[in-house]
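I opened this structure to look up a few things and kept notes as I went. The entries follow in the order in which I made them.

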Amino acid sequence: MNFSEVFKQSNQLCKVSPDGKYLATCVQYRLVVRDVSTLQILQLYTCLDQISHMDWSSDSLFILCAMYKRGLVQVWSLEQPDWHCKIDEGSIGLVSSRWSPDGRHILNTTEFHLRVTVWSLCTKAVSYIKYPKACQKGIDFSRDGCYMALAERRDCKDYVSVFVCDDWHLLRHFETETQDLAGLEWSPNGCVLAVWDSCLEYKVLLYSLDGRLLSTYSAYEWSLGVKSVTWSPSSQFLAIGSYDEKVRILNHITWKKIAQFEHIATINNTKAVVYKEVEKRPAVGSDDLSLHNITIGTTLFNTQSKYEICPPPVQVPVVKPDPDRANPKIGVSTLAFSSDSRYLATKNDNMASVVWVWDMQKMSLLAVLEQTSAVRCFQWDPRRPRLALCTGNTKLYLWSPAGCVSVQVPTEGGFQVQSLNWHCCGETLILLGKDQLCLCYMDTDQEDK
Amino acid sequence: MGEWWTTVPVGTSMGNYEISSISHVTMSPSRQNNLVSMQSSLPLSLRSSYNGISAFCTEDTIPQCISYINQELDSLGLSSTCIEASSLEGADLKAVPALNAMYELMQIHRRNMCTLEELEKEQLKKSSTLDHMQMNNSRLKDQLELSIREKSGLHETERQLHLKIKTLQSCLKTEKDEVQKLQNIIASRASQYSHDAKRKEREAAKLKERLGQLLVDRKDRKLAIDVLNCLGRSDGKRSHWKTTKATASHEGEMYTSLLKDYEVSQRSLMLENAELKKVLQQMKEEMIHILSPRRPTRGANAVASQEQADSDGEEKAGDFSRETLDQSCEHAREQLTNSIRQQWRKLRNHMEKLDSQASQVQNQLESNKEVIPRETHEDEMERMRHEVQQCKEFIHAQQQLLQQQLNTSFDDETAALLNDCYTLEEKERLKEEWRLFEEQKRNFERERMNFTEAAIRLGREKKAFEEDRASWLKNQFLNMTPFSDHRRCSSSDGQSALSIKSEPEMRMSSTKARLVTSSTHATFSTPKPTQSATVPSTTELYRTLRLIPDSSSSRHSNRGRWQESSSIEDGDIRVKSRNRVRCGDLSIFSLGLPGSGRPSTVLHAERLAGPSAHRCVLQHQPFQATEGLLLLVKPLHSLAFILMLQGKVDLNTAPHAKPLYCHGISRV
């Protein structure tokens with residue numbers, strides 16, 4: 001495992017192009033594009049203001065930089081550096097900007113969710129979509145880029161509009177049986193749309209592409225409901241994380257629950273491996289150690305923390321949420337399937353330092369990673385069953401079915417990993433600190449281990 | 001008194017009178033009263049006239065007295081012993097009846113006394129019982145009172161609880177009402193909230209609309225796109241006009257994609273189905289394989305033919321099902337399930353048949369060898385059966401024996417047998433123990449031998465020492481010219497040349513030695529036979545000084561020369577502990593050492609114990625006449641002690657040897 005040197009970034013705006021060749025980072029009002037392999041700067045663009053959002057087009061040719069405060073969007077071309085495009089949303093404001101799947105349209109959501117403006121870079125044409133709903137996830141494009149589902153709110157009722165992304169033709173428009181729609185997500189095969197209600201009611205609705213209601217699922221009533229929904233990459237499972245600290249797995253044939261994963265504070269499952277991160281404070285100062293680590297690469301794995309396997313029963317630290325606060329810190333908020341749909345990683349908010357890995361073949365708990373501090377972010381390797389996670393400290397943690405490892409990021413000045421992103425090839429990991437970033441190169445051949 | 005007189009003649013005929021008198025007595029109360037009055041009056045009169053019962057009868061009144069007494073005796077039921085006067089005048093009584101009467105009376109009296117005593121006892125008992133009863137009664141009364149009080153208390157609490165319940169019930173009712181009210185309130189609030197929310201939302205929507213309108217109408221800062229040059233479509237095609245045709249094509253595409261998805265899912269399902277079918281098929285085949293009877297030599301009996309027919313049917317069914325598996329219509333499924341059900345039934349039948357066959361096999365073993373083709377198996381079975389039989393017999397025998405033991409008295413043989421059975425284990429254990437014991441015994445034997453040898457050796461040494469001493473003493477006496485003082489001292493003390501000078505020193509040293517002994521005892525290699533502590537043998541002394549090798553402690557003997565400080569120390573301790581009398585402020589040893597006459601040798605031994613180490617300065621001088629050595633030791637420290645040296649060791653090798661001059665053998 002090797003680490004690159006540290007680069008500056010701001011707002012944690014750092015993205016690899018979809019083709020995996022370029023790395024775009026924002027530093028204040030500058031956009032820097034580097035070659036991923038050499039990390040040399042290829043292009044440098046200067047925007048009009050501090051960039052608040054940045055995104056690659058699907059063909060990796062254009063980069064969108066949004067400056068929400070000024071209601072501006074600037075688009076840069078990688079092939080033609082002198083080409084420029086500036087979209088001004090005017091005084092109506094801007095809260096969100098995104099590419100359409102074809103990379104030739106930009107969808108801007110105005111302030112107060114007054115409308116969604118669709119700008120065409122081909123024809124300069126502008127079209128509006130009215131009544132978008134301000135919710136957790138109101139817009140979703142199908143994986144193949146053909147369709148866009150948009151949650152709408154009209155006359156105190158929820159609707160879903162399905163657009164053809166090709167020409168923004170409204171394909172379907174139907175009312176959903178929700179009290180207060182919170183989000184929608186296409187299945188990876190693009191044929192089923194999962195729609196879920198706000199947390200006040202546990203309700204998940206499944207619609208076909210043509211607007212037919214396929215199934216409705218509700219696990220319970222009178223209690224806070226759905227917190228997160230994720231499709232498995234194979235479209236075979238729909239995982240629903242809820243406020244009752246459980247994950248329910250629906251199958252794609254009958255849309256019935258086939259499994260239920262409970263996040264219990266005392267792990268008695270003898271088949272699950274509980275990895276507990278144990279921190280050891282070495283006698284040497286941290287500065288010495290980091291220097292030492294830089295100079296001698298072989299001591300990378302002599303980290304200050306390591307995992308210990310705890311025999312069951314294991315008591316997981318639980319934080320009781322404040323019942324008087326809204327959006328209580330309880331329930332499964334994050335769900336992630338591995339790329340082969342074999343594993344599911346979850347995080348229960350009142351056990352913030354624990355990541356749970358479930359085996360989707362055996363439908364059982366496989367591993368529990370108990371960290372010393374709250375888990376900030378975890379992401380699966382897009383190629384293999386390998387989970388990377390960070391907890392806001394100077395370490396990077398990796399889990400694979402073979403085991404667990406904690407790696408000290410060998411940078412000066414205490415690089416604290418706040419977030420991470422896998423490169424699409426699964427060989428490189430982009431670690432994001434507060435205003436820095438660092439690339440971590442995995443070694444495919446297991447020479448380090 | 002007249003009546004008294006009248007009864008006298010009657011008294012002669014005792015038998016008749018007895019009953020009549022009794023009846024008389026019982027019948028006529030007047031007479032009884034008279035009698036009583038008379039009885040009471042008589043002693044009164046007697047008491048008034050005489051002091052004692054002896055005055056009852058006088059010379060004159062003998063007959064009357066006799067008659068009176070007879071009467072009395074009669075009344076007492078002792079009519080058989082009638083006192084008679086020996087003579088008519090009655091001065092004397094006939095002794096025998098009188099004595100008999102007296103005896104009877106005494107018996108009666110004693111009985112009465114006994115009865116009285118008993119009665120008194122009884123009475124006492126009764127009274128105590130009464131007391132007890134009374135006490136009990138009072139106690140019970142108290143208890144009763146207490147329980148009554150308790151009961152009333154409980155009644156009170158019950159009443160209170162009832163009251164409480166009532167209040168709680170009323171509370172509950174009010175709470176329920178409250179809950180109902182609150183629920184109503186909540187419901188109304190919820191409806192109100194939803195209504196308000198809707199209203200607000202509508203307002204918000206209206207506002208948004210208005211805002212949008214206003215923003216669109218405003219011309220100051222137009223929303224605009226500023227592109228250098230328009231881009232081509234990502235797919236390279238031109239954009240289409242929005243036409244109905246386009247719409248239709250979208251619809252078509254959508255349905256195509258849906259269809260594609262369904263096809264994919266159907267294909268996967270079909271694949272899964274095929275897989276399952278394959279498994280089913282395999283299962284069926286195996287089932288058929290199992291079920292098809294392989295008994296061609298069974299003969300032409302009816303059962304076999306029936307089974308044959310069944311199997312044919314099965315095979316047919318199997319073929320049929322194989323065909324039907326490829327079909328996928330409903331009746332095929334029906335047939336499939338039917339055939340499976342049928343086969344299951346057959347399998348069950350087959351299993352049942354197998355069970356029955358298994359039971360039959362035992363009987364058919366001998367007759368039908370085809371049923372069990374495996375000879376070895378049969379043999380094995382036979383053997384096992386035989387074993388089982390044997391075991392059964394054995395168990396039976398055991399049971400019988402047990403029964404015998406239980407039912408009848410032991411006859412010696414069975415008892416022994418049983419005992420044998422029961423104590424076999426014990427015996428084994430004992431044997432083991434015996435073996436251990438034997439081993440130990442052998443060890444002890446060996447040790448004893450060693451001891452005996454050592455004792456013999458010691459005896460010999462002792463003898464030699466005695467001789468030495470005798471010669472030395474002789475020499476001493478003969479050659480006492482320069483050391484007369486010392487000799488006097490040493491010899492005046494007497495018993496031994498090695499004895500100490502004065503009593504307090506001895507005591508002190510002995511206490512010291514005892515202290516050391518306890519700690520150093522462990523270092524002794526072998527405990528030697530006890531000997532007089534005051535007179536050790538030379539060899540032993542040498543041994544303790546490690547001047548000659550110790551035969552029984554060879555592992556210590558070759559440890560090092562005595563000059564080595566550690567061994568010196570070791571040796572010191574030994575000297576001290578074994579020959580306690582030699583420890584002291586000053587001791588003088590003089591030893592007759594034949595053939596070891598050496599010029600005066602000085603040894604300075606320094607102990608390693610520390611800077612303030614004990615320093616022993618030894619000087620031995622040759623005797624003038626003999627080969628003996630005189631050794632002078634001066635311990636400079638209270639803990640210091642003596643070392644005896646012998647010519648075998650080169651004493652001059654000691655480092656820092658410092659001569660000490662002694663002017664004569666005396667206290668230094």
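**Charges over rings**

I started with cations over aromatic faces and found Arg30(A) over the face of Tyr29(A), at 5.8 Å from the ring centre. I also noted Arg34(A), whose charged end sits over the ring of Phe7(A), 4.0 Å from the centre of that ring. I am working from a predicted model, in which side-chain atom pairs count only at pLDDT 80 or more.

**Chain A overall**

I looked up the secondary structure of chain A and got one helix and 41 strands. Of its 449 residues, 58% count as buried. I then took the contacts in chain A between residues at least 6 apart in sequence; 45% of these join residues at least 24 apart.

**Aromatic pairs**

How many aromatic pairs does a search of the whole structure find? I got 16 over all chains. One of them is Tyr22(A) with Trp56(A), which I list as stacked because the ring centres are 6.1 Å apart and the planes are at 20°; planes under 30 degrees apart count as stacked. Tyr22(A) belongs to strand 4 (residues 22-27) of chain A and Trp56(A) to strand 7 (residues 53-56) of chain A, so this pair ties together parts that are 34 residues apart in sequence. I checked the accessibility of Trp56(A) and entered this residue as buried, at 5% relative accessibility.

I next recorded the stacked pair of Tyr343(A) and Trp380(A), with 6.1 Å centre to centre and 15° between the planes. Tyr343(A) is in strand 32 (residues 343-348) of chain A and Trp380(A) in strand 35 of chain A, so the parts tied together here are 37 residues apart in sequence. Are these two rings on buried or exposed residues? Tyr343(A) counts as buried at 6% relative accessibility, and Trp380(A) is buried with a relative accessible area of 7%.

I also found a cluster, in which ring pairs link Phe62(A), Trp83(A) and Trp99(A).

**Strands 35 and 36**

I followed Trp380(A) back to its strand. Strand 35 (residues 377-380) of chain A runs antiparallel to strand 36 (residues 387-390) of chain A, and four bridges join them. The connection between these two strands is a hairpin through six residues. I looked up what stands opposite Cys377(A) and found Cys390(A) in strand 36 of chain A.

**Nonpolar cores**

Which residues have the most contacts inside the largest nonpolar core? I noted Val160(A), Leu193(A), Leu238(A) and Ile240(A), in a core of 35 residues. Strand 20 (residues 192-197) of chain A gives the most to this core, with five residues. For Leu238(A) I listed the contacts, leaving aside neighbours within four places in sequence; among them are Ala194(A), Val204(A), Leu206(A), Val229(A), Trp231(A), Arg248(A) and Leu250(A). I entered a second, separate core of 24 residues, which includes Val247(A), Phe261(A), Cys310(A) and Phe337(A).

**Sheet 23-24-25-26**

I traced an open sheet of four strands in chain A, in the order 23-24-25-26 and with antiparallel pairing. Strand 23 (226-231) and strand 26 (257-262) of chain A are at the edges; each has a single partner strand, so one side of each is left without a neighbour in the sheet. I have the twist averaging 20° from one strand to the next. Strand 23 of chain A and strand 24 (residues 237-242) of chain A run antiparallel and are joined by five bridges. Leu238(A), already noted among the core residues, is the bridge partner of Trp231(A).

**A sheet with strands from chains A and B**

I then followed an open sheet of five strands, ordered 7(A)-8(A)-9(A)-10(A)-1(B), with antiparallel pairing. Its edge strands are strand 7 of chain A and strand 1 (224-227) of chain B, and each pairs on one side only. Neighbouring strands of this sheet are turned by 15° against each other on average, direction ignored. Within it, strand 9 (residues 72-77) of chain A and strand 10 (residues 84-88) of chain A run antiparallel and are joined by five bridges. I noted Lys86(A) in strand 10 as the bridge partner of Gln74(A).

**Asn2(A)**

My last entry is Asn2(A), in strand 1 (residues 2-3) of chain A. I have Asn2(A) as partly exposed, at 45% relative accessibility. Asn2(A) and Leu439(A) are 437 residues apart in sequence, yet 8.3 Å apart in space, C-alpha to C-alpha. Leaving aside neighbours within four places in sequence, I found Asn2(A) in contact with Leu439(A), Cys440(A), Tyr441(A) and Asp443(A).

Definitions and conventions: Residues numbered from 1 in each chain as written. Chains lettered and ligands numbered in written order. Predicted model: local features only at pLDDT ≥ 70, side-chain atom pairs only at ≥ 80, totals over all residues. Heavy atoms only, no water. Pairing = 2+ DSSP bridges. Phe/Tyr/Trp six-rings, centres within 6.5 Å; stacked < 30°, edge-to-face > 60°. Buried < 20%, exposed > 50% of the residue type's maximum accessible area, 1.4 Å probe, protein only. Lys NZ or Arg CZ within 6 Å of the ring centre and 35° of its normal. Core = buried A, V, L, I, M, F, W, Y, C linked by side-chain atoms within 4.5 Å. Contact = heavy atoms within 4.5 Å. Axes fitted to C-alpha atoms, helices over the stretch in contact; angles between N-to-C directions.
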